[in-house]
Amino acid sequence: MSQRSANLAAAVLFLALLSTWAAAADDAFKIVPGNALAWGAVNRSADADAKIQKLAAIVHAPAISVLDLVKQQVGAKGGIDDKGSAGFIVLPGKSDNEPGMVFFVAVTDYKAFLGNFEVSKAGDAISEVKIGSEQLVVAQREGYALIAAAKDRAALESAIQSKEAVAADVSDIGPWLAENDCSLVATTAGIKVFAKLASEQLEKMQKALSEAGANNAPGIDVAAIGPALDIYRQLIEGSSKEISRAALGLRVDKEGAIRLVVRAKLASGGEVAKSIAEISAPNNDLLEGIPGGSFVLAGGGISPGKMIERYMSFSTAILKSNQKMFGLNAEQAEKMQKLSTEDILSVRSMAMCMKIGKSGEPIYSNIYGTLHVDNAQEFLAKTLKKQEAMNELLKEAKDGAVKPMIITKIEIAGKPAVQQEMTFDFSKMPGTAGNPAMMDAMFGPDGKMVMYYVPVDEHTVFVGAGISKERMATAMNVIKDPKRSLAADADVAIVKAMLPTGAQGVVYVSIRGYATLVQRILFGTLRQDGLIPAEFNFPRFPKSPPVGIAVKALNAEVQIHVAVPADLLKACGEYVQALQGMMMNRAPQPPAP
């Protein structure tokens, strides 16, 4: 396909995507055949185009009409109903490897629509047209023009001849699809086909890696990468049995905030459906007990219970595949995984937070967490016993990057605690031996990480990593004073209000915190190597709410919600302006804290 043809084909796709379900969403559903593998659309073209321009203005990008540009690229001027519906449909092709693609768009005058193109062959049912050098086939059905590449003529014929529509299969999510600005749906048949295609691609990658390893290609660690790809294959193949429908919806509100929702309908009687039925709803804020203040990443969730046991084989496979990381043989990996699972089953919920820390501190530091358990003292005793057993396995391991731990019973703030000192040696790991500065940035110059476990009350164990005992003792005070918790943070509250209540898991990502950490580590390394002057720095990212992610399971469905507040987008725009100003003025910025 020529570049121009590719551009024109892409333009047709965008034209379909930038159109609307409008008020007649059910009519659009009627032209999506029941055998469709997937389909999608963008609702309310005029509104969607206006929202794109508003988002562009918020982040200080050129505010242009994407819809007008697409129409100009395609050369479509007449016959299109801008208030109507449009979208695309993926249909079975000659084989699973060649699914067909059909676009549909509402038209006011089908003949006028055909007049936009060079008609090479007019037909009663299907006409052949050209856009540049690209040959297309076009048909009409119930007020819509259906468009496909010439090679997908059979898919187009199937779409106009189908007597069964997909509408009944999406009746339970119809209102939600209609209110979205953009929607995408994969059917049961589509999930199976796409999973098969992905699995075949991974198999090809495994074969190519094996051949590269056999030829001693540099930088190829087949022993580690091959098993990892096999794990992905198992997960993908399993999804076709566990998920009966997947849907994605994107919505932008009048303020510019973005909400993205993924909904997976689970197969009745599947292992995942059984597992989520065991997960209870939270009875407290999932960030409760986490110290407030600036952070990079924070999250919390209800323990998945026995679901851990059901999927333990995946983590065992990861341990086995990372021979150079852990140095464990297959039998030792099985034992390690069993030890790792024993005390987790008594955890009811957990939360963690990665703080920014101070300049010069490693990346993996300033980490805090809380574990809500049946009995904190019993959990500590089990943890100590588990760590001692894991230590024996690490002592037996050969040349692993994770070395045996030093485990010590101590006291913190007058409470019994366990101190766990871990040492890492990545000198023999592929890709890290030649970059000691990066390893120092991650773990510190001594390659050590110290963790603490402290039972602070009957049901709560406070955890700290990469911090001092003194800082640990101070952070523990949040348990007694919830107002100091990250759960009470005003910026977190903004995005929390955009997420659904009753979610069993939440994650918050601070773009400000992440930018500060990356800037500090990157520039510290570059300065150390003499690549940039000491006074050079990027501007600080403005104070802003984080991105919020929530996972909610209910009624045999798993939902993933992603929320991006409008204030965060505004902060991104301000940051872009600050960067542009810095580049133009070349003025030094104050160093990251």
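**Figure 1. Asp374 and its salt bridge to Arg348 in the predicted model.** At 41% relative accessibility, Asp374 is partly exposed, a class that lies between buried (under 20% relative accessible area) and exposed (over 50%), computed with a 1.4 Å probe on protein chains only. Arg348 is also partly exposed, at 44%. The closest N and O atoms of Asp374 and Arg348 are 2.9 Å apart; a salt bridge here is a side-chain nitrogen of Lys or Arg within 4 Å of a carboxyl oxygen of Asp or Glu. Asp374 sits in the loop between β13 (367-373) and α15, and Arg348 in strand β12 (residues 347-355), so the bridge ties together parts 26 residues apart in sequence. Helices (H or I, at least four residues) and strands (E, at least two) are DSSP runs, numbered from the N terminus. Because the model is predicted, local features need pLDDT of at least 70 and side-chain atom pairs count only at pLDDT 80 or more, while totals for chains, interfaces and linings use all residues. Residues are numbered from 1 along each chain as its sequence is written, and side-chain values use heavy atoms, with hydrogens and water left out.

**Figure 2. The salt bridge between Asp172 and Arg245.** The N to O distance between the two side chains is 2.9 Å. Asp172 belongs to the loop between α6 (153-161) and α7 (174-179), and Arg245 to strand β9 (residues 243-252); the pair links distant parts of the chain, 73 residues apart. Asp172 is partly exposed at 45% relative accessibility, whereas Arg245 is buried, with a relative accessible area of 6%. Side chains of opposite charge can pair when their charged atoms come close.

**Figure 3. A salt bridge within helix α15, Glu392 to Lys395.** The closest N and O atoms of Glu392 and Lys395 are 3.5 Å apart. The two residues are 3 residues apart in the helix, which means that about one helical turn separates them. Glu392 is partly exposed, with a relative accessible area of 42%. Elsewhere, Glu128, Arg153 and Glu157 are joined into one network by salt bridges that share partners. The whole structure holds 15 salt bridges.

**Figure 4. Packing of helix α14 against helix α15.** Two packed helices are described by the angle between their axes and the distance between the axes. The axes of α14 (residues 330-342) and α15 (residues 376-396) come within 10 Å and cross at roughly 165°. Axes are lines fitted to C-alpha atoms, for helices over the stretch in contact, with angles from 0 to 180 degrees between N-to-C directions. The two helices are therefore roughly antiparallel, the term for angles over 145 degrees. Residues in contact (heavy atoms within 4.5 Å) are Gln332, Lys335, Met336, Leu339 and Ser340 of α14, and Lys386, Ala389, Met390, Leu393, Leu394 and Glu396 of α15. By class, this contact has 6 nonpolar, 2 polar and 3 charged residues. Nonpolar covers Ala, Val, Leu, Ile, Met, Phe, Trp, Tyr, Cys and Pro; charged covers Asp, Glu, Lys and Arg; the others, Gly among them, are polar.

**Figure 5. Glu142 and Ala413, two loop residues with positive phi.** Most residues other than glycine have a negative phi. Glu142, not a glycine, has a positive phi of about 50°. Glu142 is found in the loop between β6 (134-141) and β7 (144-149) and is exposed, with a relative accessible area of 54%. Ala413, also not a glycine, has a positive phi of about 55°. The loop that holds Ala413 runs between β14 (406-412) and β15 (415-423), and Ala413 is exposed at 58%.

**Figure 6. Surroundings of His561 in strand β20 (residues 557-564).** His561 is buried, at 14% relative accessibility. The C-alpha atoms of His561 and Val261 are 4.5 Å apart in space, although the two residues are 300 residues apart in sequence. Leaving aside neighbours within four places in sequence, His561 is in contact with Leu260, Val261, Leu499, Pro500, Gly548, Ile549 and Ala550. In the chain, among contacts between residues at least 6 apart in sequence, 68% join residues at least 24 apart.

**Figure 7. Surroundings of Ala487, in the loop between α17 (469-475) and α18 (490-496).** Ala487 is partly exposed at 25% relative accessibility. Ala487 and Leu287 are 200 residues apart in sequence and 5.1 Å apart in space, C-alpha to C-alpha. Not counting residues up to four places away in sequence, Ala487 touches Asp285, Leu287 and Glu288.

Terms used
Angles under 35 degrees count as roughly parallel, over 145 as roughly antiparallel, 65 to 115 as roughly perpendicular and the rest as oblique.
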